[in-house]
Each structure stands twice: as C-alpha cells, then as structure tokens.
Amino acid sequence: MNSPGMANRNMQQASMQHINSPQTPKQGTESPRSEQTATNKDSPAPPSQPSTPAEGAEGPGEESGEGPAEMTLDITSFRKPGEKTFTQRSRLFVGNLPMDIPEEEFKNMFAKYGNINEVYINRDRGFGFIRLETRVLAEIAKAELDGTIVNNRPMSVRFATHGAALTVRNLLPVVTNELLEQAFSEFGPVERAVVVTDDRGRPTGKGIVEFANKIAARKALERCTEGALLLTSTPCPVIVEPAEHFESEDGVPEKSMRKHLGYLKEREQPPHFAQPGTFEFEYSSRWKALDDMEKQQRDQVDKNIREAKEKLEAELESAKHEHQLMLMRQDLMRRQEELRRLEELRNQELQRRKQIEMRHEEERRRREEEMMRYREQEDLRRQPEGFKPNVMDNTAITRPLLGPVLTRVK
C-alpha cells in the first residue's frame, strides 16, 4: 500500500512526463477525462462528476498536473445573452442509424449535451432528427459524435437543412438585424435575422431571415413577391427568395464517397497539369475559354445593372424633390382651405351670436311690456272701490253749474 507522499510523488512524475512528451490527439468521442485518468493512473482517483461538453475544451488545463481536481463548466455557459433556444439552427440530422435502435438509446447519446426538444427516428431509412438547446451545443455534439460506431455502423451527424429560411436582398446600409427582425415579425415568429456583411463588417445589401415554421416563411415570401415591402423611407423594396443551403464545413470526405464505376474510372489518374499539344490540353483550353466568356458576360451584365441602378437612384433623388415640393404645395392648399373653412365657421359663429342677441333683446322688450302691464293692473287694483275716474262722473259734476246759464239765455 502506497503512502500519500508516495502517491503525490508519482502524480508529479506523471505530470512532468505528460508536459515534456508530445501526445497525439485521440480519435473518436473519447473525452480528455480518459486521457487524464490514463496519465495519472498511479494517483488517487478524483471524485466522479457528470460529463459535459465543456470538459472537452478544458482538457488541456486539467492535464497540467496541478492536482486531481477537475474543472467543469455549466451547460448554460454555452448560451449567448439573448440567444433563442431550440431553434432550427440547433437541429441535427443523424444518418446511417441501425434499423433497430431504440429511441431511449438514441436520446442517451445526446443526453450529455443538454436538454432535448425534438426526437424523430425513421427506422425504415435509418436516419433521425434531434434538436438541442443552442447552436454551440449542437456543434459540440456534431464534432464529437460524427463518425461514432454504433452497431458496427459509422454514424453520420450534420446540421439539418433549415426549411423556413429566406434570403433578403436590396437592403439599404441603414438596415440592422433588429430592424430586419421587426419588419418580418408580422408574418410569424422569427428565430434569427442577420444582415450579411463582408470581411470588414460593411453591409453587403443581403440578409437572412429564419422563421420558426414554414407557414410564416411561405406567407412572407408570397406577400413580399406580390407587394412591395419597404424597410425605410426610401422606396426601395426588398427582394425575398428561398434561401440556398450550402454545406461548407464538412464538404465531401473520402469516406462518404460511394466507390462506383464512374468514381473508379475518374480516379485512375492523380491530379496533374495537362501538357500542351495533348487531347487534354485542347479541351481544357476550350473549357477555360468558355469560362472566360461566361465571366465577361457576367461582368457586362453586372455593369449594365450597376448603371441602371445608378440611373434609377438619380431619377429617384430628383423625383423625391419634386414629390416633396408637391407635398408642400398640397399642404399649403390644405392649410389655405383650412383657414377658409375656419373663417366660414367664424362668420357663422358671429351670425349665430347676433341672432342670439336679437332674440335676447326681443325677449327683454317683451318682458318689459309685460312688466308695465302688470304694474298698471296692480295700480288699478290698489285704487278705492268708489272712485271711478271716467267721463260720466265729469258730466254729472258740470251739469248743475251750467243750468242757470242756460235759463238766462232763454
């Protein structure tokens, strides 16, 4: 039985041998943890921890001989801030599966790469689909599991084709990822919207919009084809087309090439240059001439399109000024019409007020007349009952006085 001091010395010697001696990377899906176990086989075994994709990246740090402790990273550390989860970009195609593989075994192969959202297996054709949480986790799973032997069959893992992706052209330099996503969100949920840039970060006028389902992508394609979707104030509509999918990471490895008769015939000779004066050189020259002619025609077409765009931009700028002047004239006429209408309303209001004042004046006079009649009636009611100032009373008073005068005259 070795003492703790002997175990530590053995561990340090193994670590020094690991640092000084070159090691070739291992093939397959073996994690660096197994390498560390093989290197430190004489040292006490560290406590077992669940394996994660991060351990593959931390392998060199663990083998530095610092001690038996291992560094692990949480799965959530592979998620970018604001990144959407379980999108089409994190969906993997798994080919060359055994016909009788159980679904649980299929899921267990990807269990250490985080949560799983979608599992589909076509046992008749030997392929399946699986969707992981993020793109980074899917890339790690693809790198580790591609080529893994399952029941004597090398498993093929690659990213599934995104069936709800669209290519957008005619983007102005002021268009950003956020504006692109905002514009296309009206057709359905958008998983990713990116403006394509060149190597210097300058926009190329193209973009990619990835929807969560094909229904939204089809709706956006139809609406933008029939109508004109404008992202800014400039009347330059975007051109929407189905996205072309290219596999530029894995390409065509030799192990995946089917060795048919045409393959064997074409691969009889290794790569070489055609010698002048030979049959190969003659037809090679004709192929190159055809390619040069295609390039010239494409350059001429590009030049014509570029000149047409410049002409259209100049016409657009001139028409924009004329349109602005027309809008200003229309606005001036609208304001004048508004002033005229306000003046009419003001005159109508003054006329209405005059009529109201005349009615008030007539009402006041009527009330005054009624008040005078009322006062007269009140004065009559207040006089004594025997007093009647009328013409008959005056005649009765003057008749006795006139009697002697009439007698003398006679």
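# Two sheets and a pocket

Reader: Which residue stands opposite Leu166 in E9?
Author: This is a predicted model, and strand E7 covers residues 165–169 in it. E7 and E9 run antiparallel, with 5 bridges joining them. Opposite Leu166, the residue you'll find in E9 is Val209.

Reader: How many bridges join E8 to E9?
Author: Look for strand E8 at residues 190–197. Val195 has its bridge partner in E9, namely Gly207. E8 and E9 run antiparallel, and the number of bridges joining them is 7.

Reader: In the hairpin of E8 and E9, which residue takes a positive phi?
Author: Between the two strands of this hairpin there are 5 residues. The phi to look for is near 80 degrees, and the residue that takes it is Gly201.

Reader: Which are the edge strands of the sheet with the order E8-E9-E7-E10?
Author: This is an open sheet of 4 strands, and the pairing is antiparallel. An edge strand here pairs on one side only. Read the order E8-E9-E7-E10 from end to end, and the edge strands are E8 and E10 (239–242).

Reader: By how many degrees are neighbouring strands of this sheet turned against each other on average?
Author: We're still with the open sheet of E8, E9, E7 and E10. Ignore the direction of the strands, and the average turn between neighbours is 25 degrees.

Reader: Which helix lies across E7, E8, E9 and E10?
Author: Helix H8 (residues 214–226) also packs on this sheet, but the strands H8 touches are E7, E9 and E10, and its direction makes about 140 degrees with that of E10. The helix you're after spans residues 177–184 and runs at about 135 degrees to E8. Its name is H7.

Reader: On to the other open sheet, E2-E3-E1-E6: why is one side of E2 and of E6 left without a neighbour?
Author: This sheet has 4 strands with antiparallel pairing. Strand E2 (116–122) and strand E6 (156–159) stand at its edges, so one side of each lacks a neighbour in the sheet: each has just a single partner strand.

Reader: Which strands does helix H6 touch as it packs on the sheet?
Author: Neighbouring strands in this sheet are turned by 20 degrees against each other on average, direction ignored. H6 takes up residues 135–145, and its direction makes about 155 degrees with that of E6. The strands H6 touches are E1 (91–95), E3 and E6.

Reader: Over how many bridges do E2 and E3 pair?
Author: Strand E3 is made of residues 127–132 and pairs with E2 in the antiparallel sense. Two examples show it: Tyr120 stands opposite Phe129 in E3, while Val119 has Ile130 as its bridge partner. The hairpin of E2 and E3 has 4 residues between the strands, with Gly126 at a positive phi near 70 degrees. The pairing of E2 and E3 runs over 6 bridges.

Reader: Which element gives the most to the lining of the second largest pocket?
Author: This pocket has 17 lining residues, with Asn170, Leu172, Cys236, Lys309 and Glu313 nearest its centre. Two elements give two or more residues to the lining: strand E9 (203–211) and helix H10 (279–382). With 6 residues, the one that gives the most is H10.

Reader: How many residues of that pocket's lining are charged?
Author: The pocket's volume is about 660 Å³. Its lining includes 7 nonpolar and 4 polar residues. The charged ones number 6.

Reader: Over which residues does pLDDT stay under 50?
Author: The protein chain averages a pLDDT of 79, and 74% of the residues score at least 70. The stretch you ask about has 56 contacts beyond four places in sequence in the model. It covers residues 1–68.

Definitions and conventions: Residues numbered from 1 in each chain as written. Predicted model: local features only at pLDDT ≥ 70, side-chain atom pairs only at ≥ 80, totals over all residues. Heavy atoms only, no water. 1 Å grid on protein atoms, 1.4 Å probe; cavity = no way out; pocket = protein on both sides within 12 Å on 5 of 7 lines; lining within 4 Å. Points joined across faces, edges and corners; volume = space filled by probe spheres on them. Nonpolar A, V, L, I, M, F, W, Y, C, P; charged D, E, K, R; others polar. Pairing = 2+ DSSP bridges. Axes fitted to C-alpha atoms, helices over the stretch in contact; angles between N-to-C directions. Contact = heavy atoms within 4.5 Å. pLDDT = per-residue confidence, 0-100.
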